[in-house]
Amino acid sequence: MTRDQQTHHHGMVLSYQTMRQGLGYIGLALPVVLLLGGLLSGTGIEASISHYYYTAYSDIFVGALCAIGLFLIGSYGPDSVAFGFLSHKNITRLGGIGAIGLALVPTHTTKLVECSFVQCIMGVQRGSDLHHVFAALFFINMALSCLLLFSERADSSADPERQRQRNRLYIGSGLIIILAMGALYTYRISPDHVKAVMDANSYQFWIESIGVWLFGLCWLVKGDAIALLRDRETLPDAVNLDCAPARPRISLAYARSMQKLPEPVFIGAAMPEMQKSARHRA
């Protein structure tokens, strides 16, 4: 690989890492922005994140989910493990469709608002059912990404301790997201008077926020944005100062701080046996 190819490859890796970090920051910021917006405007906390579609912060809700969905659809992840149909591409594409569907197909509401395009065609109840299907796709993507895609295989080039820490975070987050899905399902099967109490305490909002926060945190870790979980840089045991020009250059101070190679043995003169043999022949 030439120097230009290495530079191009390095730039592509940095660009993809930046996109991973951006997705992580959006996931962490979305519930916080909606929460603060509702409190500052005096409307309070909505029953769920999806109900912010009917507030003044609908643009933030729709824009953030569309950005997440587009990134997931375009994410291929060559470093992931494929489990048959549950490949990185299939999982993230389903998650991306779910995120965009959440943004464009709103949930039901008791507010007096005009119906959206989908609600006008399908009806409010059917549109709400489709919204929950998209929500299930998105949450399943979050859980499978943490449990299957993010988990790293044993690699000698990675820091073993930091790798174990990252895998524990990914697996723990995936399990909590699965529990969050179960908690949201309990809302679906609860009677109306219980749902009213849950809505009054923003039960769905907090459960959904936990899942989105963990998902965003895992993407930040995957994008090397958190130094405490990033592989620690290790210095090589020795360095060859007579490296070829195409190899990476190092500073003199950096080279002096490392262990030097053994002194080379030069054969510039004849060995004693060779000298004796030469005198004997003379």
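Is D231 buried, exposed or partly exposed? With a relative accessible area of 30%, D231 counts as partly exposed. Keep that residue in mind, since we'll come back to it after a look at the whole chain. One thing to know up front: this is a predicted model.

Let's start with the overall fold. The protein chain has ten helices and zero strands, so reading from the N terminus you meet α-α-α-α-α-α-α-α-α-α. Of its 282 residues, 37% count as buried. The surface it exposes comes to about 17,300 Å², and carbon and sulfur atoms supply 64% of that. If you take the contacts between residues at least 6 apart in sequence, 70% of them join residues at least 24 apart.

Now back to D231 and its partners. The count of salt bridges in this model is two, and R166 takes part in one with D231, where the closest N and O atoms are 3.2 Å apart. Because R166 sits in helix α6 while D231 sits in the loop between α8 (203–222) and α9 (252–256), this pair ties together parts that are 65 residues apart in sequence. R166 itself counts as buried, at 3% relative accessibility.

The other bridge joins the side chains of E152 and R166, at 2.7 Å from N to O. Here E152 comes from the loop between α5 and α6 (160–189), R166 from helix α6, and the two are 14 residues apart. E152 is partly exposed, with a relative accessible area of 22%. Put the pieces together and you get a network of salt bridges linking E152, R166 and D231.

Next, the cysteines. How many disulfides does the structure hold? The number is zero. C146 and C218 are worth a look here: the closest cysteine sulfur to that of C146 is in C218, at 3.7 Å, and that is too far for a bond. The cut-off used is a pair of sulfur atoms within 2.5 Å, so a pair at 3.7 Å doesn't make the list. Seen from the other side, C218 is in no disulfide either, and its nearest cysteine sulfur is that of C146. Both residues are out of reach of the probe: C146 is buried with a relative accessible area of 0%, and C218 is buried at 0% too.

What about a buried polar side chain? Take N141, which lies in helix α5 (residues 124–149). Its relative accessible area is 1%, so N141 is buried. And which residues does N141 touch? Leaving aside residues up to four places away in sequence, the contacts are L72, I91, T92, G95 and F215.

Last stop: M198, placed in helix α7 (residues 192–200). M198 is buried as well, with a relative accessible area of 16%. Again leaving out residues up to four places away in sequence, M198 touches Y187, S190 and Y203. There's also a long-range pairing to check in your viewer: M198 and A47 are 151 residues apart in sequence, yet their C-alpha atoms are 7.9 Å apart in space.

Technical notes:
Residues numbered from 1 in each chain as written. Predicted model: local features only at pLDDT ≥ 70, side-chain atom pairs only at ≥ 80, totals over all residues. Heavy atoms only, no water. Helix = DSSP H or I, 4+ residues; strand = E, 2+ residues; numbered from the N terminus. Buried < 20%, exposed > 50% of the residue type's maximum accessible area, 1.4 Å probe, protein only. Contact = heavy atoms within 4.5 Å. Areas by Shrake-Rupley, 256 points an atom, 1.4 Å probe, with all protein chains shown as cover. Salt bridge = Lys/Arg side-chain N within 4 Å of Asp/Glu carboxyl O.
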